[in-house]
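Visitor: I would like a close look at one part of this structure, the largest pocket. Please take me through what it holds and what surrounds it.

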Amino acid sequence: MQENIIIAGHPAPAQVSTSWQQQLSQAIRDPDTLCQRLGLGAQWLPGAQAGHRLFDICVPDAYLTRIKPNDPNDPLLRQVLPIGDETLASPGYVTDPLEEADHRPIKGLIHKYANRVLLIASPACAINCRYCFRRHFPYSEHSPSRAQWQEALAYIRQDTSIHEAILSGGDPLAASDRQLAWLTEQLASIPHLKRLRIHTRLPVVIPDRVDDALLAWLSATRLQTVMVLHINHANEIDQTVVDACTRLKQKGVTLLNQSVLLKGVNDSVPTLAALSERLFEAGILPYYLHVFDPVQGAAHFDIPDAEAKALVTQLLEHLPGFLMPRLVREIPGKASKTPL
Ligand SMILES: *Cc1c(COP(=O)(O)O)cnc(C)c1O
Ligand code: SF4
């Protein structure tokens, strides 16, 4: 299979500078191309096709280049390659594990916790993570137009206990800068709002997303800005990600990270320790380590609670306190994330 090894190994796209939008539109979206670009044998294709039918493949090149070719166990590959196990129905694994359907007083807004609201700023993502609890999310119902945003803004305006607006999705940075600049301006005009928080994976998946247009509106707002990135493994942080983080920090953005504890991706003490160390090198502080939500089609990523707790207890011995993420679970009906 020598030829296979030669065509594998993604030296593909020339490094001409393309916009993040172009990079996103050129993302790999089919099982054959993904397996071929990574030199994976034919035995991976049926599983990839079956999973793809349930939840589309989406992997931009900028992320693909961090995956080791010819290695089905690569921790980044496992996050994006569908496997046959996704078609298994597992008892207790549901399609809306967080029961968010109960907390949407207004289109595009979720108010579950005190003092902060979550806004679905974009239904789209730049990558489709196989473990995602939003893989069954009714996105089409949650992409408000500018007129519909007025309702969400009015909701925040009339509740002075709300200090923080959290842009979420999908991935909020999949929205255009024009839209995001407008929304941020509207939010900043609400006197009791102090902070704008953005939960995103885009600066990791396509670091060129952190361009001048993004930095312009982020640095123009009076609101304090926090970005919670979503990184599960140290290999996701290459120099392009470090550079993107540097650009954000230069504009005064506080950078935090949340991870999901995933079997076969980051379920070992050395892997978690390396992740925290690497995050700090990039100027990011670990925030949450989520135990996996029981979402249908992703049971093969699950780690029992006892094992999760044991991992984190051991991790304490390897890291300074400020590099320890908090192990949490989201339990429907609770007023906060629940520490384990
Ligand atoms: C996770 C989450 C938040 C933010 O919680 P923090 O503990 O402040 O990070 C807010 N709203 C919703 C609906 C959430 O799921
Ligand atoms: S980027 Fe986040 S929301 Fe989008 S698929 Fe991945 S985990 Fe899910």
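Guide: What follows is a walk through the largest pocket, then the enclosed spaces and two details of the backbone. The model is predicted.

The space in the largest pocket comes to about 1,000 Å³. Its lining is made of 46 residues, and those closest to the centre are Phe 133, Arg 134, Ser 168, His 199 and Gln 258. Seen by element, two or more lining residues come from each of the strands β1, β2, β3 (164-169), β4 (195-200), β5 (224-230), β6 (254-260) and β7. Sorted by class, the lining has 25 nonpolar residues, 12 charged ones and 9 polar ones.

The pocket is not empty in this model. Ligand 1 sits in the largest pocket, and ligand 2 sits in the largest pocket as well. Each has a shell of residues that can be picked out by name.

Start with ligand 1. On one stretch of the chain, its surroundings include Ile 110, Lys 112, Tyr 113, Arg 116 and Leu 118. Further along the sequence come Ile 166, Arg 197, Tyr 287, Tyr 288, Glu 330 and Lys 337. Strands β1 (109-113), β2 (116-122) and β7 (285-290) each give at least two residues to this shell. Of the elements, β1 has the largest share, with 3 residues. By class, the shell around ligand 1 holds 6 nonpolar and 5 charged residues, with no polar ones.

Which side chains place a polar atom 2.6 Å from an oxygen atom of ligand 1? One belongs to Arg 116, where the distance runs from an N or O atom of the side chain to a ligand oxygen. Another belongs to Tyr 288, whose polar side-chain atom is 2.6 Å from an oxygen of ligand 1. Glu 330 also has a polar side-chain atom facing the ligand's oxygen atoms in this sense, at 3.0 Å from one of them. Taken alone, ligand 1 would expose 380 Å², and the protein buries 92% of that.

Now turn to ligand 2. Around it are three cysteines, Cys 125, Cys 129 and Cys 132, together with Ile 127, Gly 170, Arg 201 and His 230. By class, this shell has 4 nonpolar residues, 2 polar and 1 charged.

One residue of that shell, Gly 170, deserves a second look. The peptide bond that leads from Gly 169 to Gly 170 is cis, with omega near 15°. Gly 170 is found in the loop between β3 and α8. So much for the contents of the pocket.

Apart from the pocket, there are enclosed spaces to consider. Rolling a probe the size of a water molecule over the atoms shows where empty space is left. How many cavities of 30 Å³ or more does a search of the whole structure find? The count is 2.

The largest cavity contains about 80 Å³ of space. Its lining includes Asn 257, Ser 259, Leu 272, Leu 275, Ser 276 and Leu 279. Pro 286, Tyr 287, Tyr 288, Leu 289, Leu 315 and Pro 325 are also in this lining. The elements β6, α12 (269-281) and β7 each give two or more residues to it. The lining of the largest cavity has 9 nonpolar residues and 3 polar ones, with no charged residues. Tyr 287 and Tyr 288 line this cavity, and both also belong to the surroundings of ligand 1.

The second largest cavity holds about 30 Å³. Ala 121, Trp 149, Ala 175, Gln 179, Leu 180 and Leu 183 line it. Helix α8 (residues 177-188) gives the most to this lining, with 3 residues. By class, the lining of the second largest cavity divides into 5 nonpolar residues and 1 polar, with no charged ones.

A last backbone detail concerns Asn 70. Its phi is near 60°, a positive value in a residue other than glycine. Asn 70 lies in the loop that joins α5 (61-64) and α6 (77-80).

Key:
Residues are numbered from 1 along each chain as its sequence is written. Chains are lettered from A and ligands numbered from 1 in the order in which they are written. This is a predicted model: local features need pLDDT of at least 70, side-chain atom pairs count only at pLDDT 80 or more; totals for chains, interfaces and linings use all residues. Side-chain values use heavy atoms; hydrogens and water are left out. A residue is near a molecule or strand if one of its heavy atoms lies within 4 Å of it. A polar contact is a pair of N or O atoms within 3.5 Å; within protein, one must be able to donate a hydrogen and the other to accept it, and residues adjacent in sequence count only if both atoms are side-chain atoms. Accessible areas come from the Shrake-Rupley method with a 1.4 Å probe; for residues, only the protein chains shown count as cover. On a 1 Å grid over the protein atoms alone, a cavity is a set of points where a 1.4 Å probe fits but cannot get out, and a pocket is an open set with protein on both sides within 12 Å along at least five of seven lines; lining residues have an atom within 4 Å of a point. A molecule sits in a cavity or pocket if more than half of its atoms lie within 2 Å of its grid points. Helices (H or I, at least four residues) and strands (E, at least two) are DSSP runs, numbered from the N terminus. Ala, Val, Leu, Ile, Met, Phe, Trp, Tyr, Cys and Pro count as nonpolar, Asp, Glu, Lys and Arg as charged, and the others, Gly among them, as polar. Grid points are joined across faces, edges and corners, and a volume is the space filled by probe spheres set on the points.
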